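Hi,

Here is the structure I promised to pass on. Have a look at it first, then read on for what turned up.

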Amino acid sequence: MYKIRDAKTSDNVQVCNVLRRSILEVCASDYNEKSVIDDWLSNKTEDNVSQWIESDSTYSVVCINKYDDILGFGLASLKGEILLMYLVPEALFKGNGKLMLERIEKRLSNEGISEIYTISSITAKAFYERNGFIKNGDPQLVGTIKGDFPLLKRIAPSKPLKPDTPR
Ligand SMILES: CC(C)(COP(=O)(O)OP(=O)(O)OC[C@H]1O[C@@H](n2cnc3c(N)ncnc32)[C@H](O)[C@@H]1OP(=O)(O)O)[C@@H](O)C(=O)NCCC(=O)NCCS
């Protein structure tokens, strides 16, 4: 019923809406200051989302339902950092986060990456831990609470062999 596909630039309006809804409706209750949420929302614009999707140094995916509505977005740098991983409430806890992460991990593995890292929110920490991430440093303050968690996962790189490589 849900599918994951590569993101395209024209997804930017829906993706921007997903990011903003997820921050307001999924994350906000884990944080205690309005200014933190305002900061979090401040770069979630349609133009920024276009640039993030188009960039040669990133890979991004969307989660869609059977009507092609976008309900989730994941973005990683090709150097191995998960930059964004967001679902709207109605798409949570159905395996969609895991599917987005698996697709991103596969792409990073194909890029020869062996360590994936991220700074997780309070909200997403359990998700990353369920999916094999471990602590990669001390939590950082977000406003007045510890709200950013550096995490790391080791994966097997599987950079494709060049066609003329003996094997
Ligand atoms: C990160 C995020 C996308 C993960 O989404 P998710 O729905 O947890 O991920 P999945 O789709 O893989 O969830 C499936 C899991 O939920 C579990 N689950 C089902 N119902 C649940 C419930 N009521 N409560 C908790 N877990 C539940 C399932 O058992 C399954 O676990 P498994 O993988 O061990 O089988 C989501 O938490 C999110 O959008 N968070 C807000 C945005 C955010 O903070 N992003 C990070 C920015 S730094």
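One cut-off before anything else: a residue is called buried under 20% relative accessible area, exposed over 50%, and partly exposed in between. Arginine 5, at 21% relative accessibility, therefore counts as partly exposed. Please also keep in mind that this is a predicted model.

Salt bridges

Arginine 5 is a handy place to start. Its side chain meets that of aspartate 11 in a salt bridge, at 2.9 Å from N to O. Aspartate 11 is on the other side of the cut-off: its relative accessibility is 5%, so aspartate 11 counts as buried.

How many salt bridges does a search of the whole structure find? The answer is ten. Here are a few more of them.

Lysine 34 and aspartate 38 join their side chains in a salt bridge, with 2.8 Å from N to O. Both belong to helix α2 (residues 34–42), and because they are four residues apart there, about one helical turn separates them. Lysine 34 is exposed, with a relative accessible area of 63%, while aspartate 38 is partly exposed at 36% relative accessibility.

Then there is glutamate 115 with arginine 154, a salt bridge whose closest N and O atoms are 3.2 Å apart. Glutamate 115 sits in strand β5 (residues 115–120) and arginine 154 in strand β8 (residues 145–154), so this pair ties together parts that are 39 residues apart in sequence. Glutamate 115 is partly exposed, with a relative accessible area of 36%, and arginine 154 is exposed, with 57%.

Salt bridges can also link up into a network, as they do for Arg21, Glu25 and Glu90.

The strands around β3

Next, take a look at strand β3 (residues 70–77). How many of its eight residues are buried? Eight of the eight are, so to speak of the strand as mostly covered is fair.

Strand β3 has a partner in β2 (residues 58–64): the two run antiparallel and are joined by seven bridges. If you want one of these to look up, serine 60 has leucine 75 in β3 as its bridge partner. β2 and β3 make a hairpin with five residues between them, and in the turn aspartate 68 has a positive phi of about 70 degrees.

β3 also pairs with strand β4 (residues 81–87), again running antiparallel, through five bridges. Here glycine 72 has leucine 87 in β4 as its bridge partner. The hairpin of β3 and β4 has three residues between the strands, and glycine 80 takes a positive phi near 115 degrees in it.

Valine 15

From helix α1 (residues 12–27), I would pick out valine 15. Is valine 15 buried or exposed? Buried, with a relative accessible area of 0%. Leaving aside residues up to four places away in sequence, valine 15 touches Val49, Val62, Ile70 and Phe73. Two of these names take us back to β3, which covers residues 70–77, and Val62 falls within β2, residues 58–64. As for Val49, it is 34 residues from valine 15 along the chain, yet the C-alpha atoms of the two are separated by 7.3 Å.

Threonine 118 and the aromatic rings

Back in strand β5, have a look at threonine 118. Threonine 118 counts as buried, at 4% relative accessibility. A polar atom of its side chain lies 2.9 Å from the backbone oxygen of isoleucine 82. Not counting residues up to four places away in sequence, threonine 118 touches Ile82, Tyr128, Phe133, Phe149, Pro150 and Leu151.

Some of those contacts are aromatic, which leads to the rings. The structure holds three aromatic pairs. In one of them, the rings of tyrosine 128 and phenylalanine 133 have centres 4.9 Å apart and planes at 65 degrees, so the pair is edge-to-face. Tyrosine 128 and phenylalanine 133 are both buried. Together with Phe127, they form one aromatic cluster.

Phenylalanine 149, another contact of threonine 118, has a charged neighbour: lysine 125 lies over the face of its ring, at 5.2 Å from the ring centre.

That's the tour, so enjoy exploring it.

Best wishes

Definitions and conventions:
Residues numbered from 1 in each chain as written. Predicted model: local features only at pLDDT ≥ 70, side-chain atom pairs only at ≥ 80, totals over all residues. Heavy atoms only, no water. Phe/Tyr/Trp six-rings, centres within 6.5 Å; stacked < 30°, edge-to-face > 60°. Buried < 20%, exposed > 50% of the residue type's maximum accessible area, 1.4 Å probe, protein only. Lys NZ or Arg CZ within 6 Å of the ring centre and 35° of its normal. Contact = heavy atoms within 4.5 Å. Pairing = 2+ DSSP bridges. Salt bridge = Lys/Arg side-chain N within 4 Å of Asp/Glu carboxyl O. Polar contact = N/O pair within 3.5 Å; in protein donor to acceptor, adjacent residues only side chain to side chain.
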